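Work through the exercises below with the sequence and the structure in view. Each task is followed by a solution in steps.

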Amino acid sequence: MEKENNKPAPPQMSPYVFTILLIGFGLWCFWDGWLTTDAEMAQHTTFNRVLSAVLLPWGVYDYFKIRKRQRNNKQSED
């Protein structure tokens, strides 16, 4: 039997998946650290505040880095 070489490539994952996860988790930590009134979360307040201060800027930085890389790749293809 012959092998089929015409198989379509598997779908590629978006380069923004990691960025979305960073920003999503950062927003969740921001909510738990700064905005929630849940008394059970009071013991984790410092952790969530510090983590949100790290993850949100990291996610924004990663977004612009990927956007710049995609723009450069698109320009090099043209």
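**Exercise 1.** Decide whether Asn 48 is buried or exposed, and list its contacts outside its sequence neighbourhood.

Solution. Step 1: the relative accessible area of Asn 48 is 6%. Step 2: buried means under 20% relative accessible area, exposed over 50%, and partly exposed in between, with a 1.4 Å probe and protein chains only. Asn 48 therefore counts as buried. Step 3: Asn 48 lies in helix H2; helices (H or I, at least four residues) and strands (E, at least two) are DSSP runs, numbered from the N terminus. Step 4: with neighbours within four places in sequence left aside, Asn 48 is in contact with Cys 29, Phe 30, Asp 32, Gly 33 and Met 41, where contact means heavy atoms within 4.5 Å.

Two notes on the basis of these values: this is a predicted model, in which local features need pLDDT of at least 70 and side-chain atom pairs count only at pLDDT 80 or more, while totals for chains, interfaces and linings use all residues. Residues are numbered from 1 along each chain as its sequence is written, and side-chain values use heavy atoms, with hydrogens and water left out.

**Exercise 2.** Describe the surroundings of Cys 29, one of the contacts of Asn 48.

Solution. Step 1: Cys 29 belongs to helix H1, which covers residues 17-35. Step 2: Cys 29 has 2% relative accessibility and so counts as buried. Step 3: apart from neighbours within four places in sequence, Cys 29 is in contact with Asn 48, Leu 51 and Ser 52. Step 4: for a distance, take Thr 46, which is 17 residues from Cys 29 in sequence and 10 Å away in space, C-alpha to C-alpha.

**Exercise 3.** Which side chain of opposite charge is nearest to Asp 32, and which residues does Asp 32 touch?

Solution. Step 1: place Asp 32 in helix H1. Step 2: Lys and Arg count as positive and Asp and Glu as negative, while His and the chain ends are not counted. The nearest side chain of opposite charge is Arg 49, 11 Å from Asp 32. Step 3: a salt bridge is a side-chain nitrogen of Lys or Arg within 4 Å of a carboxyl oxygen of Asp or Glu. Asp 32 is buried yet has no salt bridge. Step 4: residues up to four places away in sequence not counted, Asp 32 touches Met 41 and Asn 48.

**Exercise 4.** How many salt bridges does a search of the whole structure find, and which side chains take part?

Solution. Step 1: the search finds one salt bridge. Step 2: the side chains of Asp 62 and Lys 65 meet in it, at 3.6 Å from N to O. Step 3: Asp 62 and Lys 65 are about one helical turn apart, because they are three residues apart in helix H2 (residues 45-77). Step 4: Asp 62 has 7% relative accessibility and counts as buried, whereas Lys 65, at 35%, counts as partly exposed.

**Exercise 5.** Give the accessibility of Ala 53, Arg 71 and Gln 75, and a C-alpha distance for each.

Solution. Step 1: Ala 53 is in helix H2 and, at 52% relative accessibility, counts as exposed. Step 2: Arg 71 is also found in helix H2; at 44% relative accessibility, Arg 71 counts as partly exposed. Step 3: Ala 53 and Arg 71 are 18 residues apart in sequence and 28 Å apart in space. From Arg 71 to Phe 30, 41 residues apart along the chain, the separation is 31 Å. Step 4: Gln 75, in helix H2, is exposed with a relative accessible area of 54%. Gln 75 and Gln 43 are 32 residues apart in sequence and 50 Å apart in space.

**Exercise 6.** Set the radius of gyration of the chain against that of a compact globule, and add the other totals for the chain.

Solution. Step 1: the secondary structure comes to two helices and zero strands. Step 2: the radius of gyration is taken over C-alpha atoms, and the globule rule is 2.2 Å times the number of residues to the power 0.38. A compact globule of 78 residues would have a value near 12 Å, but the chain has 20 Å. Step 3: along the principal axes, the C-alpha atoms fill a box of roughly 65 × 35 × 15 Å. Step 4: of the 78 residues, 19% count as buried.
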